Amino acid sequence: MVCHKEQGFGGERSLSSGQRPSVLFGVCGVPSGVLAGLGGTEAQQITLHPLVGRVFVHTLDHATFLRLPEHVAVPPTVRITYHAHLQEHPDLPRWLRYTQRSPYHPGFLYGTATPEDRGRQVIEVTAYNRDSFDTTRQRLVLLIGDPEGPRLPYQAEFLVRSHDVEEVLPSTPANRFLTALAGLWEPGELQLLNVTSALDRGGRVPLPIEGRKEGVYIKVGSASPFSTCLKMVASPDSHARCAQGQPPLLSCYDNLAPHFRVDWCNVSLVDKSVPEPMDELPTPGDGILEHDPFFCPPTEATARDFLADFLVTLLVPLLVALLLTLLLAYIMCCRREGRLKRDLATSDIQMLHHFTIHGNTEELRQMAATRQVPRPLSTEPMFNVRTGQRLPPCVDSAQVPLILDQH
């Protein structure tokens with residue numbers, strides 16, 4: 001087992017090698033004997049040392065997972081995606097983020113650890129080759145500790161609209177930003193504290209137009225105080241001008257342009273050099289309330305018998321319902337007038353008319369039953385007055401027109 005140490009952006013790392021690649025594959029015309037596959041007998045382990053309050057960036061490079069020889073470059077058409085999570089957990093820690101623009105680009109693990117995250121954390125990374133369907137695993141051991149050196153009480157955050165988050169994560173653009181920002185700050189060393197995508201801060205996804213970027217928030221800290229230029233940019237007068245659509249107050253030359261397009265209306269300064277007063281902690285009492293003339297606590301309640309209340313609550317509604325039922329039954333059943341009283345109260349003419357209608361109805365029913373009466377004229381054959389012709393009885397008179405000339 002051989003241990004190599006590399007100094008990179010985000011802290012020192014120790015690379016444990018010695019594993020033997022087990023699968024060989026070819027990528028886009030490259031012979032299979034040249035490139036080693038993604039598979040391996042054991043997961044590769046790398047030890048990293050993030051610092052509390054400092055930005056941590058780890059690059060998931062294709063060459064690291066392909067295990068290429070030194071003289072072979074990574075083909076530009078290789079497609080590899082990554083999945084990272086905390087060991088024995090489905091997601092990453094709350095302080096760590098992952099981003100990858102496309103399978104052709106490297107992935108990045110970045111974030112800023114908090115004091116609550118001190119200790120040892122293990123991140124498991126799985127790489128997927130989208131061409132050969134090979135996979136390999138890498139274990140990142142994060143030993144999070146406190147930074148050395150002076151405190152950085154003066155912190156400033158800038159919104160860079162000309163870059164995406166993965167464009168400033170490598171060390172080269174990050175150092176270029178710090179070098180350009182040093183001309184706007186008091187002399188002193190600048191440290192990168194945090195990098196956050198504007199989309200994670202509520203920004204909108206830009207239109208697919210050339211030159212449009214998502215934007216990135218870059219937080220920088222220093223032991224030196226802010227310059228007059230930065231104080232003027234973050235002053236209330238400058239914010240008032242920005243609210244009216246006017247450019248902010250910038251008394252110095254913008255050293256960040258043209259490489260970095262900073263939104264000077266979104267600059268925030270935090271001064272932690274003066275400790276904030278501690279809030280007074282409440283003094284615990286004995287749990288007994290003081291005497292209050294408006295509060296009279298109840299005395300001990302005497303025992304009560306609720307049987308009478310229960311009977312009154314239950315029996316009174318039942319008795320009322322029973323009385324109403326008896327009254328309704330008496331009115332409907334015992335107070336009927338009868339047919340005799342009804343006939344005596346009706347006039348003789350009305351009774352005669354009623355009986356006449358009833359008698360005629362019965363007579364018609366008897367005639368219809370016997371059929372011994374002459375046929376009605378409506379059922380006789382039709383007789384033509386002008387010609388004297390009579391239609392035969394077998395013809396359905398309902399189908400014969402009343403005026404034969406119109407037939």
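**A tour of ring contacts**

Begin by selecting Arg201 and Tyr217: Arg201 lies over the face of the Tyr217 ring, 4.2 Å from the ring centre. A charge is taken to sit over a ring when NZ of Lys or CZ of Arg is within 6 Å of the ring centre and within 35 degrees of the ring normal. The model is a predicted one, in which local features need pLDDT of at least 70 and side-chain atom pairs count only at pLDDT 80 or more, while totals for chains, interfaces and linings use all residues. Residues are numbered from 1 along each chain as its sequence is written, and side-chain values use heavy atoms, with hydrogens and water left out.

Turn next to the aromatic pairs, of which the structure holds seven. Rings of Phe, Tyr and Trp (its six-membered ring) pair if their centres lie within 6.5 Å; planes under 30 degrees apart count as stacked, over 60 as edge-to-face and the rest as tilted.

Select Phe158 and Phe177, an edge-to-face pair with 6.2 Å centre to centre and 70° between the planes. Phe158 belongs to strand β10 (residues 154-160) and Phe177 to helix α3 (residues 171-181), so the pair ties together parts 19 residues apart in sequence. Helices (H or I, at least four residues) and strands (E, at least two) are DSSP runs, numbered from the N terminus. Phe158 is buried, at 0% relative accessible area; buried means under 20%, exposed over 50% and partly exposed in between (1.4 Å probe, protein chains only). Phe177 is also buried, at 1%.

Keep Phe177 and add Phe260: the ring centres are 5.2 Å apart and the planes at 80°, so this pair is edge-to-face. Phe260 lies in the loop between α5 (236-243) and β13 (268-271), 83 residues from Phe177.

Finally, add Trp264: ring pairs link Phe158, Phe177, Phe260 and Trp264 into a cluster.
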